[in-house]
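Here's a set of exercises to work through with the model open beside you. Try each task on your own before you read its solution.

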Amino acid sequence: MKHLFEKAFCCVICASFIAVLICLLGCNNEIGYITKSHYVDKEQETDDTPKKEQEHSKKKEKNLTKKCRKLYKSNQELLVLVNKDNPLQEDYDASLMYICNGRLQASSKLYNHLVEMLADASEDGFQYWIASAYRDRQKQQSLIDEDVRKLMNSGMPYESALAEVYKETMPAGCSEHETGLALDILCSGNTNMDSSQESEPGNKWLKENCYKYGFILRYPSDKSNITGVNYEPWHFRYVGKKAAAFIMKNNLTLEEFFF
Ligand SMILES: [Zn+2]
């Protein structure tokens, strides 16, 4: 009897030992699976990859900034940044000359390049109408006042009207047109200063070729959150050939160039 009892006791101990062993192996596998495979893989997917991307883009930005600095040093005169946060100095010398048979004024620094660009475009069959070039501070203010008045006449309150106008027209002292280096170039078959310019073949020609003559598309469609100005397919800014090629090739705005 005692012998039988000892046997049974031994069996219970053995069974418990095997059960514990199976349980431990099972848990161990589960832990191994979670830590070595599932968890680590997830960690790599969510943390390591963005880290690598961040480092890559930081390196890219660093190189970009170095190149921008180099370009700026050799070309400060033309790379003047003018926007809502960077008003133009009141004593800025725009070096003006008359263009378009005396109808407009622009900086003499861009004249030859503009003539060359329009001649080459003409050879490809495109003609243009330059709607605006240099504007002084008073003229800029009178344009703003006029646009605000129009919106107020249609029932908009003053504050909202002014905010709406500032989406497309810079405050006086903050417009690139005051440098004499900015031009509003419209296609001769369509002189509406609106988004319809974008689909004109002549406008496409300008966007593709302007950098060769030192001009950039100043307010691109996908950068209005950076420039603070709505897309203006007609507004081109002279910055010089090297800077223009760099800016257009890297899809930058002047704001990002000075980042
Ligand atoms: Zn303009």
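## Warm-up: confidence

This is a predicted model, and its chain averages a pLDDT (the predictor's confidence in each residue, from 0 to 100) of 84, with 81% of the residues scoring at least 70. Over residues 17-45 the pLDDT drops below 50, and beyond near neighbours in sequence this stretch has four contacts in the model. A contact here means that two C-beta atoms, placed from the backbone, lie within 7 Å.

Two bits of housekeeping. Residues are numbered from 1 along each chain as its sequence is written. Because the model is predicted, local features need pLDDT of at least 70 and side-chain atom pairs count only at pLDDT 80 or more, while totals for chains, interfaces and linings use all residues.

## Exercise 1: the overall layout

Task: list the elements of the chain in order from the N terminus.

Solution. Start with the elements themselves: helices (H or I, at least four residues) and strands (E, at least two) are DSSP runs, numbered from the N terminus. The chain has eight helices and six strands. Reading on from the N terminus, you get α-β-β-α-β-α-α-β-α-β-α-β-α-α. Then look at the contacts: among those between residues at least 6 apart in sequence, 70% join residues at least 24 apart.

## Exercise 2: the hairpin

Task: work out how β1 and β2 are joined, and which residue in the turn has a positive phi.

Solution. First, the pairing: strands count as paired if DSSP finds at least two bridges between them. Strand β1 (residues 96-99) and strand β2 (residues 104-107) run antiparallel and are joined by four bridges. Next, pick a bridge: I99 has L104 in β2 as its partner. Finally, the turn: four residues sit between the two strands of this hairpin, and C100 there has a positive phi of about 55°.

## Exercise 3: the four-stranded sheet

Task: find the strand order of the open sheet and name its edge strands.

Solution. Step one, the order: the four strands go β3-β4-β6-β5, with antiparallel pairing. Step two, the edges: β3 (128-132) and β5 each pair on one side only. Step three, the angle: neighbouring strands are turned by 40° against each other on average, direction ignored, where the axes are lines fitted to C-alpha atoms, for helices over the stretch in contact, and angles run from 0 to 180 degrees between N-to-C directions.

Now trace the partners of β6. With β4, the antiparallel pairing covers three bridges: L183 stands opposite F236, and D184 has H235 as its bridge partner. β5 and β6 also pair in the antiparallel sense over three bridges, and there R237 is the bridge partner of I216.

## Exercise 4: Y238, buried or exposed?

Task: decide whether Y238 is buried or exposed, then describe its surroundings.

Solution. Place it first: Y238 lies in strand β6 (residues 235-238). Next, the cut-offs: a residue is buried if 20 or more other C-beta atoms (placed from the backbone) lie within 10 Å of its own, exposed if 12 or fewer, and partly exposed in between. Y238 has 28 C-beta neighbours inside 10 Å, so it counts as buried.

Which way does it point? Y238 and F236 go one way from β6 and H235 and R237 the other, and all are buried. Leaving aside neighbours within four places in sequence, the contacts of Y238 are L78, K109, L110, H113, L181, G214 and F215.

## Exercise 5: the core

Task: identify the residues that touch the most other members of the largest nonpolar core.

Solution. A nonpolar core is a set of buried Ala, Val, Leu, Ile, Met, Phe, Trp, Tyr and Cys residues joined through C-beta atoms within 7 Å. The largest has 38 residues, and C210, F215, I216, F236, V239, A244 and I247 touch the most other members. Two or more residues come from each of α2 (111-123), β4 (182-187), β5 (215-217), β6, α7 (241-249) and α8 (254-257).

Zoom in on α7. Its buried residues are A243, A244, F246, I247 and M248. Of these, A244 is in contact with Y211, G214, F215, I216 and V239, leaving aside neighbours within four places in sequence. After α7 comes N251, with a positive phi near 55°.
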